[in-house]
Amino acid sequence: MVAAAYLARAGRRVRVLERLDHVGGAAVSARAFDGVDARLSRYSYLVSLLPRQILDDLGAPVRLTKRRYSSYTPNPADGGRTGLLVSADGTFSGMPVDAAGFADFYRRCGAISARLWPTLLEPLRTRDEARALAVDGGDAGAVATWEAMTERPIGAAISAAVDDDLVRGVMATDALIGTFARTDDPALAQNVCFLYHLIGGGTGDWDVPIGGMGAVTGALAAAATGFGAEIVTGADVYAVTGDGEVSYRTADGEHRVHGDVVLANVTPTVLAGLLGEPAPDAADGSQVKVNLMLRRLPRLRDDAVTPEQAFGGTFHVNEMLSQLDSAHDAAAAGQVPRPLPCEIYCHSLADPSILSEDLRRAGAHTLTVFGLHAPHRLVTSLGTDAARAALTDAVLASLNSVLAEPITDVVMTDAHGEPCIETKTTADLQDALAMTAGHIFHGGLSWPFADDDPLDTPARRWGVATGHDRILLCGSGSRRGGAVSGIGGHNAAMAVLER
């Protein structure tokens with residue numbers, strides 16, 4: 001949508017081909033439960049990396065709101081009878097832990113990410129150029145932080161910053177969302193993930209889209225069509241050639257269209273299949289997402305916080321650093337982790353507009369649970385249906401381990417009397433959205449700078465190149481893609497206009 005809008009605004013003739021009957025991919029809202037008037041952000045659910053510049057350039061009226069609290073983490077050591085509440089300004093309450101070390105760590109990392117953030121809408125810098133910018137002249141502390149973030153496993157820096165296993169885990173989850181790795185993995189995939197979780201807006205804030213994720217997509221689609229782009233839904237692309245010919249099917253037959261440039265918002269693996277080329281190596285997706293509709297928020301064992309406080313930010317469940325490592329090792333061995341590390345997000349506390357008036361009056365709430373270390377290889381080894389059942393059970397058990405009542409006691413039922421529980425595994429993402437191996441970043445994030453990549457063409461300079469000059473990546477598969485950002489679309493459009 002972003003690429004289409006920029007190019008149409010520049011006077012290019014643009015046709016968008018969407019396989020589904022609606023645009024948005026994973027960034028959609030849906031009434032997930034029959035007879036329940038709530039619009040859930042079914043897949044992606046928070047926004048950090050969408051630059052305000054893109055929205056301003058395109059005149060897209062996307063509204064975001066901040067959450068009142070940063071996080072709440074019940075203490076697994078006592079079954080959640082105590083916990084750590086972190087306010088939006090970083091103030092700690094509830095447990096005697098190292099707040100100063102936590103704050104200093106994020107201050108140092110934030111200085112690096114804030115300097116890198118503006119570069120995501122610019123031509124790629126080399127690693128050396130990015131380093132020079134990030135350390136701002138070579139201050140010893142900044143150099144050490146750069147090295148900790150980009151050259152050594154981030155787990156070491158987290159462990160050096162704070163001593164408490166629970167606080168270390170809160171910090172480490174930023175490195176593991178959708179990424180199957182330990183924090184001490186020398187391959188550093190977790191470091192790349194960590195940087196992207198801190199870089200958004202230069203602050204790392206993850207905000208709630210008013211109206212749900214579908215409101216974001218709707219605003220961008222309206223901007224694209226407003227500038228003259230044509231959007232064709234129900235258009236199943238089945239072949240692409242290197243000279244820009246695209247073949248697709250719709251309800252009224254087969255079609256071919258020839259473009260000066262073809263922008264691909266599919267995974268690199270899917271693109272290779274459309275081109276008839278060998279599939280590239282692709283990382284496993286690694287998460288399970290469970291959407292729930294609640295009659296009310298559940299009671300907590302910790303009587304020092306209210307449910308509204310605890311669920312007002314990110315609610316961490318069984319995410320001590322030692323638990324994250326154990327869960328990774330269990331999943332690598334082919335077992336569903338017990339307990340499964342999870343984090344919870346309650347959209348309706350920050351934005352009740354996604355609920356009908358009747359649901360709001362009744363005190364109902366949505367709950368999104370994101371389970372870590374559920375890699376695609378585990379899902380495929382168990383079988384799709386068995387994995388969905390096992391992971392759903394593991395998610396609910398993990399929640400129940402820190403709540404004062406079973407979560408199912410407060411789950412609503414739909415029009416058929418069934419519990420309002422919807423589970424999306426990596427297999428569901430692959431089947432429904434063609435996300436290879438269920439990877440939410442289209443196969444793995446890349447550093448937002450170039451290492452040995454030649455930067456000798458517009459596509460390479462903007463990080464959107466493929467093996468074909470006339471085919472560019474414009475989504476999460478681009479070098480600075482990933483998450484709900486529009487950055488890949490912006491950069492692909494800039495590369496086209498620079499050609």
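Start by selecting Phe 92, which is buried, with a relative accessible area of 15%. One thing to keep in mind as you click around: this is a predicted model.

**Stop 1: the aromatic pairs**

Keep Phe 92 on screen and add Phe 102. A search of the whole structure turns up ten aromatic pairs, and Phe 92 with Phe 102 is one of them: the rings are edge-to-face, 4.9 Å centre to centre, with 65° between the planes. Colour by secondary structure and you'll find Phe 92 in strand S7 (residues 92-93) and Phe 102 in helix H3 (residues 99-116), so this pair ties together parts that are ten residues apart in sequence. Is Phe 102 buried or exposed? Phe 102 counts as buried, at 13% relative accessibility.

Now select Phe 105 and Phe 194. Their ring centres are 5.9 Å apart and their planes meet at 55°, so this pair is tilted. Phe 105 belongs to helix H3 and Phe 194 to helix H8 (residues 189-199), so here the pair ties together parts that are 89 residues apart in sequence. Turn on the surface and try to spot them: Phe 105 is buried at 1% relative accessibility, and Phe 194 is buried too, with a relative accessible area of 1%.

Which residues make up the aromatic cluster here? Add Tyr 106 to your selection and you have it: Phe 92, Phe 102, Phe 105, Tyr 106 and Phe 194 form one cluster.

**Stop 2: just before helix H8**

Stay around here and pick Leu 188, in the loop between helix H7 (165-172) and H8. Check the backbone angles: phi is positive, about 70°, although Leu 188 is not a glycine. Leu 188 is buried, with a relative accessible area of 12%.

**Stop 3: a charge over a ring**

Next, show Tyr 238 and Arg 249 as sticks. What sits over the ring of Tyr 238? That's the charged end of Arg 249, 3.9 Å from the ring centre.

**Stop 4: Thr 267**

Jump to Thr 267, in the loop between strand S13 (262-264) and helix H10 (268-275). With 1% relative accessibility, Thr 267 counts as buried. Draw a distance from its side chain to the backbone nitrogen of Val 270, and you should get 3.0 Å.

**Stop 5: a cis peptide bond**

Select Arg 338 and Pro 339 together and look at the bond between them. This peptide bond is cis, with omega at about 0°. To get your bearings, Pro 339 sits in the loop between helix H12 (321-332) and strand S16 (342-345).

**Stop 6: another positive phi**

Move on to Ala 434, in the loop between helix H17 (426-433) and helix H18 (458-461). Here phi is near 60°, a positive value in a residue other than glycine. Is Ala 434 buried or partly exposed? At 30% relative accessibility, Ala 434 counts as partly exposed.

**Last stop: a pocket**

Rolling a probe the size of a water molecule over the atoms shows where empty space is left. To find the second largest pocket, select Ser 446, Asp 453, Gly 463, Ala 465 and Arg 479: of the 15 residues that line this pocket, these are the closest to its centre. The pocket has a volume of about 310 Å³. Colour the lining by class and you'll see six nonpolar, six polar and three charged residues.

Key. Residues numbered from 1 in each chain as written. Predicted model: local features only at pLDDT ≥ 70, side-chain atom pairs only at ≥ 80, totals over all residues. Heavy atoms only, no water. Phe/Tyr/Trp six-rings, centres within 6.5 Å; stacked < 30°, edge-to-face > 60°. Helix = DSSP H or I, 4+ residues; strand = E, 2+ residues; numbered from the N terminus. Buried < 20%, exposed > 50% of the residue type's maximum accessible area, 1.4 Å probe, protein only. Lys NZ or Arg CZ within 6 Å of the ring centre and 35° of its normal. 1 Å grid on protein atoms, 1.4 Å probe; cavity = no way out; pocket = protein on both sides within 12 Å on 5 of 7 lines; lining within 4 Å. Points joined across faces, edges and corners; volume = space filled by probe spheres on them. Nonpolar A, V, L, I, M, F, W, Y, C, P; charged D, E, K, R; others polar. Polar contact = N/O pair within 3.5 Å; in protein donor to acceptor, adjacent residues only side chain to side chain.
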